[in-house]
Amino acid sequence: MPTTIISSNFNFPGQKSVYKGKVRDVYNIDDKYLLMVVSDRISAFDVVLPKGIPFKGQVLNQIAAKFLDATSDIVPNWKIATPDPTVTFGYKCEPYPVEMIVRAFLSGSLWRTYKSGAKEICGIRLPDGMKEHQRFPAPIITPTTKAGPGHHDEDICREEIIKSGLIPADEYEQIEKYTMEIFLRGSEIAAEHGLILVDTKYEYGKRDGKIYLIDEINTPDSSRYFYAEGYQKRFDNGLPRSSCPRNL
């Protein structure tokens with residue numbers, strides 16, 4: 001039987017602290033670097049289940065590494081190396097307190113909001129008469145605050161982000177530009193594999209005065225995918241779509 005990695009317990013030279021997340025254990029090395037161990041733990045609706053899935057961690061880590069490498073020409077990212085299938089080693093950055101969520105379809109929590117009668121999110125007016133899982137004319141960015149443990153992220157518009165001083169205007173504009181370019185690159189890669197990148201989230205930080213893409217990107221942990229084949233037929237017939245779900 002394959003072994004599941006449920007937890008890690010390392011003590012590295014220069015280790016300052018360790019953060020145990022829902023799925024990842026992150027070691028702070030000298031306040032300069034991070035070593036992220038991706039476990040096989042399963043998190044569903046903010047609950048970590050008692051049993052893991054063998055190899056889940058290494059699959060997620062390798063997907064993230066591929067996408068980080070494939071977008072490094074767009075924006076610098078924190079990754080230095082992946083010394084093990086379950087491990088990423090990289091730069092420690094000061095995180096921005098906002099997550100950038102990109103949506104190409106009316107799905108997930110946004111559909112539930114839209115169905116309740118709200119037609120605007122994060123300052124963006126949504127078209128009337130849309131159906132669940134319908135593609136937007138163009139992808140939209142719906143940022144959220146990064147809440148601490150025990151709290152939920154909240155939608156926030158770009159004007160509020162800038163006015164409140166969460167992110168300076170020029171830096172936020174650059175982050176928005178990076179976000180859309182990364183999403184379009186991810187969509188192209190997904191299409192090569194018969195998938196549609198529906199929605200996802202990106203996180204950024206700052207190091208030595210420069211904006212970095214941090215954490216993982218475009219994995220099923222942070223993204224929703226549809227199978228491209230048959231999507232239009234399923235949508236036209238009002239049938240459930242086949243996807244990798246994500247509660248965005």
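**Exercise 1. Determine the volume of the largest cavity in this predicted model, and state which residues line the largest cavity.**

Solution. Begin with the volume: in this predicted model, the largest cavity encloses about 60 Å³. Next, consider the search behind this value: across the whole structure, one cavity of 30 Å³ or more is found. Then list the lining, which consists of R24, M36, V38, L60, N61, A64, A65, L68, W78, T88, D215 and E216.

**Exercise 2. Identify the elements that give two or more residues to the lining of the largest cavity, and describe the lining by class.**

Solution. Two or more residues of this lining come from each of β3 (33–38) and α1. Of the elements, α1 gives the most, with five residues. Finally, sort the lining by class: seven residues are nonpolar, two are polar and three are charged.

**Exercise 3. Characterise the second largest pocket by its volume, its lining residues and the elements that give two or more residues to its lining.**

Solution. First, the volume: the second largest pocket holds about 200 Å³ of space. Second, the residues: 11 residues line the second largest pocket, and those closest to its centre are I63, F67, L195, N218 and Y225. Third, the elements: α1 (56–70) and α4 (169–192) each give two or more residues to this lining. The most come from α1, with three residues. Fourth, the classes: eight lining residues of the second largest pocket are nonpolar, two are polar and one is charged.

**Exercise 4. Describe how α1 and α4 pack, giving the angle, the distance between their axes and the handedness of the crossing.**

Solution. Two packed helices are described by the angle between their axes and the distance between the axes. For α1 and α4, the angle is about 120° and the axes lie 10 Å apart. Because angles of 65 to 115 degrees count as roughly perpendicular and those over 145 as roughly antiparallel, α1 is therefore classed as oblique to α4. The crossing of α1 and α4 is right-handed.

**Exercise 5. Name the residues through which α1 meets α4, and divide the residues of this contact by class.**

Solution. On the α1 side, the contact is made by K66, F67 and A70. On the α4 side, these meet R185, G186 and I189. Dividing the residues of this contact by class gives three nonpolar, one polar and two charged. As a last step, relate the contact to the pocket of Exercise 3: F67 takes part in the contact with α4, and F67 is also among the lining residues closest to the centre of the second largest pocket.

Note on methods:
Residues numbered from 1 in each chain as written. Predicted model: local features only at pLDDT ≥ 70, side-chain atom pairs only at ≥ 80, totals over all residues. Heavy atoms only, no water. 1 Å grid on protein atoms, 1.4 Å probe; cavity = no way out; pocket = protein on both sides within 12 Å on 5 of 7 lines; lining within 4 Å. Points joined across faces, edges and corners; volume = space filled by probe spheres on them. Helix = DSSP H or I, 4+ residues; strand = E, 2+ residues; numbered from the N terminus. Nonpolar A, V, L, I, M, F, W, Y, C, P; charged D, E, K, R; others polar. Axes fitted to C-alpha atoms, helices over the stretch in contact; angles between N-to-C directions. Parallel < 35°, antiparallel > 145°, perpendicular 65-115°, else oblique. Left-handed = near helix turned anticlockwise from the far one by under 90°. Contact = heavy atoms within 4.5 Å.
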